[in-house]
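Hi everyone, thanks for coming. I'd like to walk you through a structure, so have a look at it first and then we'll go through some parts together.

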Amino acid sequence: MPLRFLYNILIALSWQVLKVVALFQPKIKLFVSGRRNTFAFLESKLSGKPKTIWMHVASLGEFEQGLPILERLRIQYPYHKLILSFFSPSGYEVKKNTTAADVVVYLPMDTHTKAKRFLNLVCPDLAIFVKYEIWPNYLQQLKHRNIPTLLISAIFSERQVFFKGYGGFMRKSLSTFSHFFVQDETSKKLLTSIGFKNATVGGDTRLDRVSEIQNRDNQLDFMDSFKGNLNCLVAGSTWSEDEEILIEFINSTKTEMKFVIAPHEIKSAHIEKITSALQKKTVLYSDLEHKDLGEFDVLIIDTIGLLTKIYSYANLAYVGGGFATGLHNTMEPAVFGIPIIIGPQYSKFKEAEDLVNQGGILSISTYDEFQSLTEKLITDPEHTHKIGEINSDYINSNKGASDLIMKHISEIL
């Protein structure tokens, strides 16, 4: 049985299973219901067949990687409509109203029929996939139509199916890309080992994104009032495993300092769980009005969209997700030249691996390790400054991927 035929059967079966699971799982319900509107939405937004450029991302992290390119495409190609598609609800539901693109949709499932219909509607002059997204039917249709197709901020590992003896079907899908912009030399060597010589080492476009964040106005009046002249630990995108450690430290430390916790989950029940466990004076972002913020020890950010600016006030940062769910963005605090603490699971995140090896990111597995590191960083500013410099230097020396990508695009459009 040809592998493509088997793949198409599995995709079709997966869709049927997901429709059943959606009856019980809210996130899967969004995944399914959102895709039912994709084609009608595209038809309404693309009447008249405008020129388009299509970018596809998996979720929020990949959106951040693609954003520097979207912003520059908007300037360089003002007469093209920018189409942005997401695979995951956790990306689409947060960014569906972004002004970075003209049309934002869920990507329909990767069947031959849906890929053909999608591309008949979008008709892109250029397609850009970000990091890991390899969808064989979409890529086959793009190649059939001779549409230039890029994979940007890509990173490859010998663990991936492309580099296995049984990976011929997926290797064939790679052949549809006009060019690869990879994050490191290892990825380029791996592609070369299976016959692909159309790769450029450009780095990670997120570094360009966070460099822009550093240069904007990051002032927040409430943070000025809350922090005052004290040291501040900002814990971003935390999960329950992270919060257990943070809460124990906050409750027990004798060091006079401020804490900001920005949980990944901001539903009221979860926020209440955090606040009820804290023994120090705590205030919610949603309840700041008419309060003397200087009197509080802990600020809980129960909204989204502020974390990147809040990091600019941190003396050190904790980035969540490294215990179970997947490490969140360490580059956003790194750009401000501060030490970063994370959990033990970071092996699939190149920037975290690099900075753990260099000493700018500090990985912990237990509360005792967290306590020891944090106390050392708070009480030894010279040591803290040296560690923070490792992170800012890493970003400054590795940015520039967007320039390479845009130069290539200008040569093919």
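Let's start with a quick one: are K386 and E382 buried or exposed? Both of them are exposed. Before I go on, keep in mind that this is a predicted model.

So what are those two doing? K386 and E382 make a salt bridge, and their closest N and O atoms are 3.7 Å apart. They sit in helix α18, which covers residues 381–398, and they are four residues apart, about one turn of the helix. Elsewhere, E64, E71 and R209 are joined into one network by salt bridges that share partners.

How many salt bridges does the structure hold? The count is 14. Let me show you another one, between the side chains of E43 and R117, with 3.7 Å from N to O. This pair links distant parts of the chain: E43 belongs to helix α3 and R117 to helix α6, and they are 74 residues apart. E43 has 43% relative accessibility, so it counts as partly exposed. R117 comes out at 41%, so partly exposed is the label there too.

One more pair, and then I'll leave salt bridges alone. The side chains of K291 and D287 meet at 3.1 Å, again N to O. K291 is partly exposed because its relative accessibility is 33%, and D287 is partly exposed because its value is 41%.

Okay, back to helix α6, where R117 sits. Which residues of this helix, running from 112 to 122, are buried? They are A115, F118, L119, L121 and V122. Now imagine looking straight down the axis of α6: the buried residues fall within an arc of 160°, so they line one face of the helix. And what covers them? The cover includes helices α3 (38–45) and α7 (136–144), plus the strands β1 (52–57), β2 (81–86) and β3 (103–106). Right after α6 ends, C123 takes a positive phi, about 45°.

Since phi has come up, here are two other residues to find on your screen. N146 has a phi near 60°, which is a positive value in a residue other than glycine. You'll find N146 in the loop between α7 and β5, where β5 is 149–154. Is N146 buried or exposed? With 69% relative accessibility, N146 counts as exposed.

Then there's S237, another residue other than glycine with a positive phi, this time near 55°. S237 is in strand β8, residues 232–238. Why does S237 count as buried? Its relative accessible area is 18%, and the cut-off for buried is under 20%.

Let's go to strand β2, one of the elements covering α6. K81 lies in this strand. Its relative accessible area is 29%, so K81 is partly exposed. What is K81 in contact with, leaving aside its neighbours within four places in sequence? The list is K45, L46, P50, K51, T52, I53 and D102. Also, look for K49: it is 32 residues away from K81 along the chain, and their C-alpha atoms are separated by 10.0 Å.

Now the surface. There's a nonpolar patch there, formed by L3, F5, L6, I9, L10 and L13. Together these residues have about 530 Å² of accessible area. Take L3 as an example: it lies in helix α1, residues 3–21. L3 has 46% relative accessibility, so it counts as partly exposed.

Last, let's zoom out to the whole chain. The domain assignment gives domain 1, made of 16–211 + 400–411, and domain 2, which is 220–393. So how are they placed? The centres of domain 1 and domain 2, taken over C-alpha atoms, are 32 Å apart. Where the two are in contact, 11 residues come from domain 1 and eight residues from domain 2.

If you want something to try afterwards, turn the model until you look down the axis of α6, and pick out the face lined by its buried residues. That's it from me, thanks for listening!

Terms used:
Residues are numbered from 1 along each chain as its sequence is written. This is a predicted model: local features need pLDDT of at least 70, side-chain atom pairs count only at pLDDT 80 or more; totals for chains, interfaces and linings use all residues. Side-chain values use heavy atoms; hydrogens and water are left out. Patches are made of residues with over 30% relative accessible area and no salt bridge: like charges are joined within 9 Å, nonpolar side chains (Val, Leu, Ile, Met, Phe, Trp, Tyr) within 5 Å. Accessible areas come from the Shrake-Rupley method with a 1.4 Å probe; for residues, only the protein chains shown count as cover. A salt bridge is a side-chain nitrogen of Lys or Arg within 4 Å of a carboxyl oxygen of Asp or Glu. Buried means under 20% relative accessible area, exposed over 50%, partly exposed in between (1.4 Å probe, protein chains only). The arc is that of the directions from the helix axis to the C-beta atoms. Contact means heavy atoms within 4.5 Å. Domain bounds come from an automatic or database domain assignment.
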